Amino acid sequence: MSDTARRHLLQTGVLVTAALFIGPLIGCAALQPGPRTVNISERKLVEAITRQFPRSNRVLDLFDVTLATPKVRLIPAENRIGTLLDFTVGMPLVETRTQRGTLSLSYGLRLEPGDNTVRLTDVRLESLELPDASPSNAARFRRMGGALVEGLLPDLVVHRLKPEDLRTVQGWGYQPGALRVVPGGLELQLDPLPR
């Protein structure tokens, strides 16, 4: 066999070997990874929510409201979280006596990509109890309860994603996606980065 024929055979062999080994690797690299999930335990979620309280604010320029001692429960069937809170309401313009009671909320969580925060969304007042209030004051508070809650908890930040965590996830080719309440905690979907 001549040197030219040997060189040609060797080059052909190298090309075939490259096609056999490198081709599948290129194909694998071209496949976009599917979504992945990260689980956040119920304990960590409860800690993140509990850190936001006590919370005080003046609502509608009429009520001084303080929310405290949250008791958190998961509602996976509705993708929501329920929280029972103790509250106090003072009405400085109407009377000096402070009203005390409990209220129950439910809400979802959403990821705000603009500042990489996890926030409450779709907050609903489920119940409001004022055991020591007169019937007329209790009725008035129940009617205004939704406005009180919306005034206190609009877009409340419960967690801020760390920049280094985001860089790590992006290094893997993902970005944070939807949040879902599941039995035992919260699930964060990681979506593939657009190519």
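These legends walk through several views of a predicted model.

**View 1. The whole protein, with four helices and nine strands.** Let's start with the full chain before moving in. Read along the sequence, helices and strands follow the pattern α-β-α-β-β-β-β-β-α-β-α-β-β. Of the 195 residues in the protein, 33% are buried. The exposed surface comes to about 11,900 Å², and carbon and sulfur atoms supply 57% of that area. Contacts also link distant parts of the sequence: among those with a separation of 6 or more, 54% are between residues 24 or more positions apart.

**View 2. An open sheet of six strands.** Here the strands are arranged in the order β2-β3-β4-β5-β6-β7, and their pairing is antiparallel. Which strands stand at the edges? They are β2 (55–59) and β7 (157–160); each has a single partner strand, so one side of each is left without a neighbour in the sheet. On average, neighbouring strands of this sheet are turned by 35 degrees against each other, direction ignored. Helix α2 (residues 42–50) packs on this sheet and touches β3 (63–75), β4, β5 and β7. The direction of α2 makes about 175 degrees with that of β3.

**View 3. Strands β4 and β5, side by side.** Moving in on the six-stranded sheet, we meet β4 (residues 80–90) and β5 (residues 98–112). The two strands run antiparallel and are joined by ten bridges. As a landmark, look for Thr-83 and its bridge partner in β5, Leu-105.

**View 4. Thr-83, a buried residue.** Thr-83 belongs to strand β4. Is Thr-83 buried or exposed? Its relative accessibility is 3%, so Thr-83 counts as buried, the cut-off for that word being under 20%. The side chain of Thr-83 makes a polar contact of 2.5 Å with the side chain of Tyr-107. Leaving aside neighbours within four places in sequence, Thr-83 is in contact with Pro-70, Lys-71, Val-72, Leu-103, Ser-104, Leu-105 and Tyr-107.

**View 5. Arg-80 and its surroundings.** Arg-80 is another residue found in strand β4. With a relative accessible area of 4%, Arg-80 is buried. Which backbone oxygens does its side chain meet? One is that of Ser-106, which the side chain of Arg-80 reaches at 2.8 Å. Another is the backbone oxygen of Asp-122, 2.7 Å from a polar atom of the Arg-80 side chain. Not counting residues up to four places away in sequence, Arg-80 touches several residues, including Leu-74, Ile-75, Tyr-107, Gly-108, Val-123, Arg-124 and Val-181.

**View 6. An open sheet of three strands.** The order here is β1-β9-β8, with antiparallel pairing. The edges are held by β1 (36–41) and β8 (174–182); each has a single partner strand, so one side of each is left without a neighbour in the sheet. From one strand to the next, the twist averages 25 degrees. Six bridges join β1 to β9 (residues 185–192), and these two strands run antiparallel. To find your way between them, start at Val-38, whose bridge partner in β9 is Leu-188. Helix α2 appears in this view too: α2 packs on the three-stranded sheet, touching β1 and β9. The direction of α2 makes about 65 degrees with that of β1.

Technical notes:
Residues numbered from 1 in each chain as written. Predicted model: local features only at pLDDT ≥ 70, side-chain atom pairs only at ≥ 80, totals over all residues. Heavy atoms only, no water. Pairing = 2+ DSSP bridges. Axes fitted to C-alpha atoms, helices over the stretch in contact; angles between N-to-C directions. Contact = heavy atoms within 4.5 Å. Buried < 20%, exposed > 50% of the residue type's maximum accessible area, 1.4 Å probe, protein only. Polar contact = N/O pair within 3.5 Å; in protein donor to acceptor, adjacent residues only side chain to side chain. Areas by Shrake-Rupley, 256 points an atom, 1.4 Å probe, with all protein chains shown as cover.
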